[in-house]
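User: I would like to go through the labels given to this model and ask, for each one, what supports it.

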Amino acid sequence: MSVEQKKAVPSAKPEASSSLNITIAVVAIIAIALGSLLIGENSEVEDVENMVNVPELKDVQNPASRLRWNVSVPLSFPGAKPLPSVPYNRNDPDFIDSLFEKGQPCILKGTPASTMPALKRWTPQYVENLIDEITVHLPSKSEIRMHQEDSMQPFASLPINWTRPWVEKTVSSSLFFTGSKLMYGMMNLKKLPDEMRRDVEIGSLTVGYSPPMEVNLWMGVPTVTTPAHYDLVHNLYTQISGHKRFIIFPPDDAESLYTFSSLHPSSRMTQIDFNDAQAVQKFPKFANVHPFEVILNPGDVLYLPPYTFHHVTAVGTGVSMSISTHTESNIAKLRERLIGRTEAVFFSNQIPTLETSIRVACLDAYMKAVFASDDERRQFIKRMIDAHWSHVNIDRDAPGLYDLIQAAKSQFPSEDEITETSSSSNPIIATLFNKMALAGKDVRDLMKGQASAAVLDIFLMSHLEWVSSIALRDSLLVDAYLRHASL
């Protein structure tokens with residue numbers, strides 16, 4: 001790699017230069033250090049003292065954590081079954097396409113990716129020589145919960161003191177690879193130095209008609225955990241070094257995993273703390289899950305279909321490095337398509353600008369058309385409330401969210417007001433209701449045959465929460481609206 005190429009990689013180390021350059025570099029380092037002292041910044045050494053140590057297995061008191069973090073225990077979750085393995089067929093050019101079509105999680109054996117150069121070359125020393133710094137999450141405990149802040153998760157902008165159990169920081173790669181402090185990092189393959197990109201083989205994990213959306217390197221020290229969540233894409237996950245434990249749940253278990261609302265910054269992630277001894281008492285359906293489990297070793301390739309829940313823990317003694325290859329799914333394409341169509345219908349008809357009772361009545365017309373019958377609609381929304389909304393009061397990282405939702409209910413129109421609006425003879429309002437009904441029927445028609453019933457249920461719950469939020473112009477009113485719509 002040339003010096004010019006290395007400059008294009010923010011975290012790549014420059015090549016050795018002349019003694020003059022070395023002298024300049026030393027002077028610069030001293031100046032930076034003095035500057036840091038003058039402005040009161042902590043040095044990395046001081047920061048390290050404030051980082052959380054990786055817990056020793058012998059010191060762990062929680063039985064669930066002790067089992068999960070122990071790499072010698074193959075099955076740690078009650079009732080878990082081993083994840084099936086499938087041999088990779090090098091003679092079938094449509095093998096990955098067929099895998100995506102079946103949509104069953106499995107371990108692929110014998111893929112070209114399982115012998116890629118990275119498996120031999122990517123030692124800590126090799127990576128340290130090519131990457132100076134790594135941007136990581138520093139958690140206050142082993143579990144790292146997602147926290148997204150964008151327009152699709154409007155709860156994130158509410159005036160409450162969100163407790164994010166991690167901070168983001170850039171650390172030296174040498175510190176990261178000591179594996180002594182809780183850290184977790186991700187880098188897009190495009191941002192890696194050329195030498196590292198050449199070590200990666202993902203061609204055997206793709207389909208010709210849909211190139212990968214994203215390829216990422218994931219790095220985590222032992223015990224770091226991502227709670228159970230689902231993604232919208234096909235994920236082929238290759239273990240490069242170290243070990244990871246995956247506890248996997250099918251889409252049918254969605255309601256038993258009590259995911260956060262799609263409006264929440266931890267959308268797509270379970271509300272359940274798997275280490276909580278009282279988890280089943282708080283979330284009764286959690287006792288009904290159907291888990292699979294696997295520990296990934298270097299060279300293993302795991303296939304995770306869209307909407308498949310996975311709880312992930314780095315286990316063993318060394319830093320875990322893995323590569324995820326994401327390919328867009330049909331259901332993800334449907335989601336984007338519906339977002340555009342629904343926004344066009346609601347905003348072109350100025351629904352969010354109308355009186356609250358009219359907005360509610362328009363939303364009712366939309367909801368009723370999505371379902372084949374009123375009974376089906378009521379039952380579906382009751383399930384959605386139970387899975388996403390009935391436990392907001394125990395959200396440990398959102399103090400005050402429940403109180404805001406309860407306070408917003410005073411702004412929701414009464415059933416009499418909604419009934420009066422719905423029966424209005426005003427031709428403008430009647431036209432709006434017809435447009436909303438057509439939009440709702442459009443959703444029902446577009447969903448047909450796009451995925452399994454379980455996946456479509458998850459998809460529809462998320463869609464209806466988002467539609468309710470934009471129609472009502474206030475995400476805090478969605479809980480009140482769903483309870484109204486379930487009557």
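User: Are Glu 293 and Arg 245 buried or exposed?

Analyst: In this predicted model, both Glu 293 and Arg 245 are buried, a term that stands for under 20% relative accessible area.

User: What makes the contact between the side chains of Glu 293 and Arg 245 a salt bridge?

Analyst: A salt bridge requires a side-chain nitrogen of Lys or Arg within 4 Å of a carboxyl oxygen of Asp or Glu, and the N to O distance for Glu 293 and Arg 245 is 2.8 Å, so the pair meets the criterion. The pair links distant parts of the chain, with Glu 293 in strand 11 (residues 292-296) and Arg 245 in strand 10 (residues 243-249), 48 residues apart.

User: Why is Lys 58 called exposed, and why does Asp 59 count as partly exposed?

Analyst: The relative accessibility of Lys 58 is 62%, and exposed means over 50%, so Lys 58 takes that label. Asp 59 has 44%, which falls between the 20% and 50% limits, and is therefore partly exposed. Lys 58 and Asp 59 form a salt bridge whose closest N and O atoms are 3.4 Å apart, which satisfies the limit of 4 Å.

User: How do you know that Arg 483 and Asp 479 are separated by about one helical turn?

Analyst: The two residues are 4 apart within helix 19 (residues 478-485), which means a separation of about one helical turn. Arg 483 and Asp 479 also form a salt bridge, with the closest N and O atoms 2.8 Å apart. Asp 479 is buried because its relative accessible area of 3% is under 20%, whereas Arg 483, at 31%, counts as partly exposed.

User: Why does Glu 415 count as partly exposed, and which residues gather with Glu 415 in a patch of negative charge?

Analyst: Glu 415 has 36% relative accessibility, a value between the limits of 20% and 50%, so it is partly exposed. Glu 415 lies in helix 16 (residues 415-422) and gathers with Asp 416, Glu 417 and Glu 420 in a patch of negative charge on the surface. Asp and Glu count as negative, so the sign of the patch follows from its members.

User: How many salt bridges does the structure hold, and what part of the protein chain is buried?

Analyst: The structure holds 19 salt bridges, and buried residues make up 52% of the 487 residues in the protein chain.

Terms used
Residues numbered from 1 in each chain as written. Predicted model: local features only at pLDDT ≥ 70, side-chain atom pairs only at ≥ 80, totals over all residues. Heavy atoms only, no water. Patch = residues over 30% accessible without salt bridge, like charges linked within 9 Å, V, L, I, M, F, W, Y side chains within 5 Å. Areas by Shrake-Rupley, 256 points an atom, 1.4 Å probe, with all protein chains shown as cover. Charge placed at Lys NZ, Arg CZ, Asp CG, Glu CD. Buried < 20%, exposed > 50% of the residue type's maximum accessible area, 1.4 Å probe, protein only.
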